[in-house]
Amino acid sequence: MIKKAFLGLKPPRIEYELLHETPVGPTSISASQTVTLLLPGRYARKSKFALNPGDRVATGQKLCPHDGSDAYAVSSVTGTVAGVMPYTGDFGRAYTAIRIDVAADQEADGDFGAASGDAGPQTIGAFLGCVPGNLPVDRLGDPEKPIDTLVVCGMDADLMVATNQYVIKARIDDVTRGLAVLKKAYGIGRAIIAVPRDLVSGFGHVGADLMAVDAVYPSANPRLIMQKALGQVVPADKTPEDLGVCFVTAEAVAAVGAAFESGRIPVTKIITLIDKTGEKTLISARIGTPASDIFRVCGVSLAEKDRIIFGGPMTGTAVFAEDQAIQADTDAIIVQDHAQVSLVSDYPCINCGECIRVCPAQVPVNMLVRFLEAGEYETADVEYDLFSCIECGLCSLVCEAKIPIFQYIRLAKYELAREKAAEAIDDE
């Protein structure tokens, strides 16, 4: 069956909240006693373990768990390594966690400063893969998929999140510098800054075209931007990078600009904190800071059965502990009072059709969910367009039966990707 493109059924009119004025600077969270950094990949104790408890690290220092490893983290603090251990994330994803006890005196590592005279792809890939905003260095530097268009997201894809809107307004000089660096380093011919339609005026020369994004959710989804603004439909089995387009957050581009301007790797993340009343506060905290420290500074109290969500209200993920550490891609933290937590059920689909009416990709969600519930992921893919889903979460929002459709879809995609990776290893 040929995968469907995004034919654009109208979703319910839920609008993004726009920052018409640059808000007051974020509340700064002082360095915690301990930070935790996560590296993708399974922890494995090897004979040449490059990082061990008791090792001293400096702010901005590149940390590799093994000699010769391509994976790395960047220390957001000066301190002592307290532990290197396995960590399991969403859907069983494997990480290596590095826990650092923070020292009173902070010092900056000089390796990036020494290398920053060469603002090329090697320097960017070697040092800036963990900057705030999560710069996709692997996608930018993939020789098999050269990027000719860079889209800077000046608007967060999820609702209620203001992180990238703030950055594009308050740090436009850093964004402009970062754009120039990335365009030259990767030979990118065209750069675009995607901003809300109501805010498209007021930008001076930034070395990029401006693209207006509708204020109706989920217009800021990269695949919808590709279709509606760039006129390119991304096939279900492809990514924007397959078509030569790479999406990068405004925060990541600003971090690149700031890094080469100062000679230091940025380690401070901007986060939108949404408390139990729905009030939003912009927070500035070191990568690796536990959420509990943010709650303490902002006066957020937790009670039994309250929910903590990393990410926005439509696509965020619940976490199980208040000491969960923020990472380079953490744009929002939501705290829900237990009385406000939406209920889910294993009640069967009642075939009301609401999910089909709101789906911007025209996926037959009512049929898809039946196979997902049964674990028939390959059938869901082949027959009912699983990978056409853009993961906006609207189906779960409108589901009358309260089925966690969005979570089923994410799990199915993860399991199919895992099976495909295992088959590739077996074929080697």
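Trainee: What follows helix H8, and what is the sign of its phi?

Mentor: Helix H8 is followed by Gly299, whose phi is positive, near 70 degrees; the helix itself covers residues 291–298, and helices here are DSSP runs of H or I with at least four residues, while strands are runs of E with at least two, both numbered from the N terminus. This is a predicted model, in which local features need pLDDT of at least 70 and side-chain atom pairs count only at pLDDT 80 or more, whereas totals for chains, interfaces and linings use all residues. Residues are numbered from 1 along each chain as its sequence is written, and side-chain values use heavy atoms, with hydrogens and water left out.

Trainee: Which residues of H8 are buried, and what do they pack against?

Mentor: The buried residues of H8 are Ala291, Ser292, Asp293, Ile294 and Phe295, and they pack against strands E12 (268–274), E13 (280–286), E14 (307–310) and E16 (332–336). Contact means heavy atoms within 4.5 Å.

Trainee: Why is Asp385 called buried?

Mentor: Buried means under 20% relative accessible area, exposed means over 50%, and partly exposed lies in between, with a 1.4 Å probe and protein chains only. Asp385 has a relative accessible area of 0%, and is therefore buried. Asp385 lies in the loop between H11 and helix H12 (394–398), and has a positive phi of about 60 degrees although it is not a glycine.

Trainee: Why is Lys402 called partly exposed?

Mentor: The relative accessible area of Lys402 is 44%, so this residue counts as partly exposed. Lys402 is placed in the loop between H12 and helix H13 (405–427), and its phi is positive, about 60 degrees, although Lys402 is not a glycine.

Trainee: Why does Arg139 count as partly exposed, rather than buried or exposed?

Mentor: With a relative accessible area of 40%, Arg139 falls in between the two limits and is therefore partly exposed. Arg139 is found in helix H3 (residues 137–140), and, leaving aside residues up to four places away in sequence, it touches Lys145, Ile147, Glu241 and Cys246.

Trainee: How do you know that the peptide bond from Tyr217 to Pro218 is cis?

Mentor: The omega of that bond is near 5 degrees, and the bond is listed as cis. Pro218 sits in the loop between strand E10 (209–213) and helix H6 (222–228).

Trainee: Why is Glu376 called partly exposed, and where is it placed?

Mentor: Glu376 has 41% relative accessibility and so counts as partly exposed. Its place is in the loop between helix H10 (365–373) and helix H11 (377–384).
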